[in-house]
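Work through the following exercises with the sequence and the 3D structure side by side, and try each task before you read its solution.

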Amino acid sequence: MLAIVLVVFLYLKRPWFYDLTAESEHYICYSTATTEQTEQILDVAEALYTAYTTEFAGLPDLSTDHPKLKLKLYKNREEFKSYNPLSGWAEAFYQKPYCHQYYSEGEPNPYHWMAHEATHQLNEEVAHLDLPRWLNEGIAEYFGTSTWRDGQLHLGEVDPNTYPVWCRGDMVFSGDIAADIRAERFIPLETLIKDHGGPDIDEHVNLYYIQWWSLAHFLYHYEGGRYRSGIKPLLLDHGTLDAFRRHIGAPEEIQPLWYEYLRGAEYMDTSVASEDVGSADK
Ligand SMILES: [Zn+2]
């Protein structure tokens, strides 16, 4: 029995040997992917860094004076899963100080897992925010699903080849909010913010991610950015329900607007089919 426990422990703890170390201005990446792939990951990470620090300039605890941010880039999904056997449904994860992700060569967008996790890292290590899950994920998804083009991240311009956007087409929103809530097809806004009392996340993981993502996108872009000015105060007040009421509005008034925004989803294109790869992070 002891031997079995020891074998399992050593399997979980076995070291990962990387082949190369590459650096950019703000990042250091340990990698088993190719040099070209690793450089692309660093290019996107730097574009993300610029977009993030520009967007959140002025947040009181944001500081660009920090050691290089650390990335571990696995050459493929198989290697990532092999060295992170407890990752469950996660396709990538951030555990301070490392973002762990694989280079997804088979996907049209091979870097979106990194962009998502690296945003969590920026929330933690650069902006020093203390956020609840809905807002931490929402911000990571807002940046992580934005389009990388010409060396820049175009915030809010949704790349359909990113998680969770590619799941949007699987969701059915009937137009009747109460009916969708009863059928566990829609998580009420208050429940999402309080992070309590909603459907089981293990069974509805994509729904949670879709709603976190679309709520963040709504806050940035609804009616040309009607709620945008409330986002920074909301971040600083830890995204509580009270803070939402103060800086955005009454959840009962916002919910139907957001629901229709999510339902319409004019800001995205679901016509591009995705690979049938997993889900998200934790
Ligand atoms: Zn996440």
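The exercises below concern a predicted model, and each task is followed by a worked solution.

**Exercise 1.** Find out in which sense strands β1 and β2 run, and how many bridges join them.

*Solution.* Begin by locating β1 at residues 20-23 and β2 at residues 27-31. Next, follow the pairing between these strands, which run antiparallel and are joined by four bridges; within this pairing, A22 stands opposite C29 in β2. Finally, look at the connection, where three residues lie between β1 and β2, and the two strands form a hairpin.

**Exercise 2.** Determine which residues of β2 belong to its covered face and which to its uncovered one.

*Solution.* Go along the strand residue by residue: Y27, C29 and S31 make up the covered face, whereas I28 and Y30 make up the uncovered one.

**Exercise 3.** Describe how β2 pairs with β3, and establish the handedness of the crossover from β2 to β3.

*Solution.* First, find β3 at residues 69-74, which pairs with β2 in the parallel sense over five bridges. As a point of reference, take Y30, which stands opposite K72 in β3. Then trace the chain from β2 through helix α2, residues 35-55, to β3, and you will have followed a β-α-β crossover that is left-handed.

**Exercise 4.** Decide why P60 counts as buried or exposed.

*Solution.* Start in the loop between α2 and β3, where P60 is found. A residue is exposed if 12 or fewer other C-beta atoms lie within 10 Å of its own, and P60 counts as exposed because it has 9 C-beta neighbours inside 10 Å. To finish, compare sequence with space: P60 and L236 are 176 residues apart in sequence, while their C-alpha atoms are 8.8 Å apart.

Notes
Residues numbered from 1 in each chain as written. Predicted model: local features only at pLDDT ≥ 70, side-chain atom pairs only at ≥ 80, totals over all residues. Buried ≥ 20, exposed ≤ 12 C-beta atoms within 10 Å, placed from the backbone. Pairing = 2+ DSSP bridges. Right-handed = clockwise from strand over helix to strand, strands pointing away.
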